[in-house]
Amino acid sequence: MKSQNTFNIFPLIAGAIAIAIITAISFWIGQQAYTWLPPQAAAESVLIDDLISFLVTLGAFIFLGVTGTLMYSILFHRAPKGDYSDGPPIEGNIALEVIWTGIPILLVFWIAGYSYQIYEQMGIQGPMALVHLHNPVGMESAYAAPKDKNAPVKAVTAPVEKIDVIAKQWAWVFHYPETDVTSSELHLPSDRRIRLALKSEDVLHGFYIPAFRLKQDIIPNHNIDFEFTPIRPGKYQLTDSQYSGTYFATMYADVVVESPEQYHQWLAQAATNKLVPAKNQAAYEYAQAASQSVKTGWATVAPGSAPLVNYPG
């Protein structure tokens, strides 16, 4: 009797050890997910990376659990060699069906709740911006990662820098109202709350900076306010996340994050420059295609004229 109880306890102990090992490995894989992504260049990127790490950890746990169970079954419950008989006719187990249905439902609600919490903290408006065009949704300040991981995270409560962003086929134009400077390169002060006024002159565009983990659709005939906080000086790239026509791949711009002092020096210098046409890769490629004697491909919209800017980049 005693040996029988010991035999019954052994699988439980082995299963608990296996779950502990799978949990530890899954957590380790989730931590590695931080290294798969670009540098965290905005406060919002910290929130997104935490969410991605959580999803990778959860996915790794499910993957290792399922494959581990399959490997255990193959190794210890395989049919003997030469045994071609049918397996035992096992009917459904109501308790098991409730468990494997209930757990995924709870996981989906958990993921949805966590994702929506991140969405709210970042203040991304999305389609709701159309409902609140004249009364913008209140946006919470995101949280920047502290240099010391053990230190408490503090909210960024710096003054708001306002910049107009104009998207068109196929170019980005940035206007700084306080100094009336126009640029084809987006300059931002580090550790300052930025408010962009996004506007499209023609079709649907997408404001997307991978290093910031930020993406916002720009809808024609609607101005959309969008806020974030850069935290890491450096040069990054803005791309159009929406297919906006033939030359949408050329619609990118450099994003320069610098110290507030360097940012204001750049603004002052750019304000002294005369307006000049910005480089327009789409117009160049369109002209090259138009000059070919043999016409290939579909007809396309002609790119708009190169914007006049104080700083062409």
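A salt bridge is here a side-chain nitrogen of Lys or Arg within 4 Å of a carboxyl oxygen of Asp or Glu. The exercises below apply this criterion, and others, to a predicted model.

**Exercise 1. Salt bridges and the parts they join**

Task: Establish which residues are linked with E44 in a network of salt bridges, and state where the partners lie in the chain.

Solution.

Step 1. Begin with the total: the whole structure contains 5 salt bridges.

Step 2. Consider E44. Its side chain meets that of R193 in a salt bridge, with an N to O distance of 3.0 Å. Because E44 belongs to helix 2 (residues 43-76) and R193 to strand 5 (residues 193-200), the pair ties together parts that are 149 residues apart in sequence. Both E44 and R193 are buried.

Step 3. Consider E227. A salt bridge joins E227 to R195, and the closest N and O atoms are 2.6 Å apart. This pair links distant parts of the chain, with E227 in strand 8 (residues 224-228) and R195 in strand 5, 32 residues apart.

Step 4. Classify the second pair by accessibility. Buried means under 20% relative accessible area; E227, at 6%, is therefore buried. R195, at 30%, is partly exposed.

Step 5. Assemble the result: E44, R193, R195 and E227 are linked in a network of salt bridges.

**Exercise 2. A further contact of helix 2**

Task: Determine which residue forms a salt bridge with D49, and whether D49 is buried or exposed.

Solution.

Step 1. The partner of D49 is R213, with the closest N and O atoms 2.7 Å apart.

Step 2. D49 lies in helix 2, and R213 in the loop between strand 6 (205-209) and strand 7 (214-218), so this salt bridge ties together parts that are 164 residues apart in sequence.

Step 3. D49 has a relative accessible area of 1% and is buried. R213 is buried as well, with a value of 11%.

**Exercise 3. The surroundings of strand 2**

Task: Explain why strand 2 is described as largely enclosed by the rest of the structure, and identify the strands with which strand 2 pairs.

Solution.

Step 1. Examine the burial of strand 2 (residues 171-176). Because 6 of its 6 residues are buried, strand 2 is largely enclosed by the rest of the structure.

Step 2. Separate the two faces. In a regular strand the side chains alternate between the two faces of the sheet. In strand 2, A171, V173 and H175 lie on one side and W172, F174 and Y176 on the other, and all are buried.

Step 3. Turn to strand 1 (residues 160-168), which pairs with strand 2 in the antiparallel sense over 5 bridges. Within this pairing, H175 in strand 2 stands opposite D164. The connection is a hairpin through 2 residues.

Step 4. Strand 3 (residues 181-183) also runs antiparallel to strand 2, to which 3 bridges join it. Here F174 has S183 in strand 3 as its bridge partner. The hairpin between strand 2 and strand 3 has 4 residues between them, and D180 in the turn has a positive phi of about 60°.

**Exercise 4. The open sheet**

Task: Give the strand order of the open sheet of 5 strands and name its edge strands.

Solution.

Step 1. The order is 4-10-9-6-7, and the pairing is mixed.

Step 2. Strand 4 (186-189) and strand 7 are the edge strands, since each pairs on one side only.

Step 3. On average, neighbouring strands of this sheet are turned by 20° against each other, direction ignored.

Step 4. Strand 6 and strand 7 run antiparallel and are joined by 5 bridges. F207 has Q216 in strand 7 as its bridge partner.

**Exercise 5. Nonpolar core and nonpolar surface**

Task: State which helix gives the most to the largest nonpolar core and which helix gives the most to the nonpolar patch.

Solution.

Step 1. The largest nonpolar core has 43 residues; among those with the most contacts inside it are W172, F174 and Y176, together with F207. Helix 2 gives the most to this core, with 5 residues.

Step 2. On the surface, a nonpolar patch of about 1,000 Å² includes I19, F61, I62 and F76. Helix 2 gives the most to the patch, with 9 residues.

Step 3. Take I62 as an example. I62 is found in helix 2 and is partly exposed, with a relative accessible area of 41%.

Step 4. The answer to both parts is helix 2.

Key. Residues are numbered from 1 along each chain as its sequence is written. This is a predicted model: local features need pLDDT of at least 70, side-chain atom pairs count only at pLDDT 80 or more; totals for chains, interfaces and linings use all residues. Side-chain values use heavy atoms; hydrogens and water are left out. Buried means under 20% relative accessible area, exposed over 50%, partly exposed in between (1.4 Å probe, protein chains only). Axes are lines fitted to C-alpha atoms, for helices over the stretch in contact, and angles run from 0 to 180 degrees between N-to-C directions. A nonpolar core is a set of buried Ala, Val, Leu, Ile, Met, Phe, Trp, Tyr and Cys residues joined through side-chain atoms within 4.5 Å. Patches are made of residues with over 30% relative accessible area and no salt bridge: like charges are joined within 9 Å, nonpolar side chains (Val, Leu, Ile, Met, Phe, Trp, Tyr) within 5 Å. Accessible areas come from the Shrake-Rupley method with a 1.4 Å probe; for residues, only the protein chains shown count as cover.
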